[in-house]
Amino acid sequence: MTEGTPTGSLRIAVIGTNYLGANTAAGMAEFGFDVIGVEIDEHRLKLLNDGKAPLYEPGLDPLLKKHVDSGRLRFTKDYREVADWADVYFICVGTPQQEGSDAADLGQVNSVVDMLAPLLTRPCLVVGRSTVPVGTSKLVEQRFHSESPAGIGVEIAWQPEFLREAHGVDDTLHPDRLVFGVQSAEAEATLRQVFAIPIAEGCPVVVCNLPTAELVKGGANAFLATKISFINALSEMADATGADVTQLADALGFDKRIGRGMLNAGPGYGGGCLPKDLRAFMARAGELGVEEVITLLREVDDINYRRRARVVDVTHELLGAEWVGRNVTVLGAAFKAGTDDVRDSPALDIAGRIQLHGATVTVYDPEAMDNARRVRPTLRYADSAVEACADAHLILHLTEWPEFRALDPVALKEIVATPVILDARLLLDAASWRAAGWKYRAPGKA
Ligand code: UGA
């Protein structure tokens, strides 16, 4: 058992075991609890019961394997196995953007209630971890109270998570803060028992009401998105004046009130969280009549998507205002390094736009090739970064994988058609590329 394992015998069910749920289930087992994950997708279920993560996430496979092997963790598709077995149910399903609307699609949350509520006959705590519009927890509560045999014995709490892809295990085991949206001292005590280990390590806890807990998550992601769009707007100022946006970010970031995190200029934010959470936040603000939030965040969103267009414009300029007959290499397909996730990836979006203009686009990514092929089957894919660069008229650096920073500009110059590189992530060593005879361009850098 892990040192400091909490005493007591809470049994934990985790409903929905994709990214958030798989990390949560493995993390709760590591904290010392018996855990059952409920997963309705057969393929994912099989992987998880073999101790394998349903997606690429550093450190998650070993943790799952460790606890599947120890017997402390297993997965099922049958809700009946967890109903009246667990003391605490964590809801960890996805809340994607609705088709044709900015609002969050709560279909998966509602299905969990459909399946679980009729099976709960004894008092328990149901804790939402999914990112939801403020007000959702009360609707969920009403449904459990009216549809569960246990009635008001089913208590609802909300405990938003702040996991970053590629750091999910660490963020689960060592969160930077815990937010407990609770309605009773008993619920708070139960959550303190669940998270006894990080709390003992000094993790701060904010105990608040349900709407505050719901708003913390949307507010955090909206603020992070705002920071990124802010530095990207300053990047335009840097371009217009000859300033260097990276040094600007460093200098701003030394101010503790600002901080350096989320101030890397680049092709803008993507992924399965920031873009859709920002929109869901705006949609909910609209329903509540809070126009200030919409005005502010609409611009954040617009700045973000203009970044992609800007990369395409600079690409066109560097190709000599020609598209047809030009070979463009795109280094990176994942929305950021350390993941195989391509949801709303700036890299793939930009690759697709350039192809639509008529250039031949070849993509390479160390982890996200399968997902990229599925989403953008018409792009060309290479088996290595070097292979992708052969005969290129322009290389685009769009996802910040360390292996791209290790490329040798001297050797690469021998295999490209023209030595031109657009470093949209601003992370390559400009001096060594220029010294090797490359035309090096990075938006926001002199
Ligand atoms: C984000 C939040 O950071 C997590 O706290 C949150 O829990 C999660 O969403 C979620 O809602 O579940 P994640 O989507 O994994 O996590 O990715 P981030 O590391 O925040 O990056 C998001 C995007 O912003 C990426 O495309 C990244 O390349 C971009 N980014 C990030 C920048 O352009 N500049 C930066 O300085 C930082």
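How many residues surround the ligand, and which are the closest? In this predicted model, 21 residues surround the ligand, and the closest of them are Leu 163, Glu 165, Asn 221, Asn 264 and Arg 425. When the residues of this shell are sorted by character, ten are nonpolar, four are polar and seven are charged.

Oxygen atoms of the ligand take part in polar contacts with side chains of the protein, including those of two lysines and an aspartate. An N or O atom in the side chain of Lys 336 is 2.9 Å from an oxygen atom of the ligand, a polar side-chain atom of Lys 217 lies 3.0 Å from a ligand oxygen atom, and for Asp 277 the corresponding distance from a polar side-chain atom to an oxygen atom of the ligand is 3.4 Å. On its own the ligand has 710 Å² of accessible area, of which the protein covers 91%.

The ligand takes up the space of the second largest pocket. Two elements, helix H9 (210–241) and helix H11 (274–288), give two or more residues each to the shell around the ligand, and H9 provides the largest share, with four residues.

With regard to annotation, an unreviewed UniProt entry lists residues 329–430 as "domain: UDP-glucose/GDP-mannose dehydrogenase C-terminal". Over residues 329–430, the chain of the model is 33% helix and 18% strand, and the C-alpha atoms at the two ends of this segment are 18 Å apart.

Key. Residues numbered from 1 in each chain as written. Predicted model: local features only at pLDDT ≥ 70, side-chain atom pairs only at ≥ 80, totals over all residues. Heavy atoms only, no water. Near = heavy atom within 4 Å. Polar contact = N/O pair within 3.5 Å; in protein donor to acceptor, adjacent residues only side chain to side chain. Areas by Shrake-Rupley, 256 points an atom, 1.4 Å probe, with all protein chains shown as cover. 1 Å grid on protein atoms, 1.4 Å probe; cavity = no way out; pocket = protein on both sides within 12 Å on 5 of 7 lines; lining within 4 Å. Sits in = over half its atoms within 2 Å of the grid points. Nonpolar A, V, L, I, M, F, W, Y, C, P; charged D, E, K, R; others polar. UniProt positions renumbered as here; feature names shortened; annotations may be inferred.
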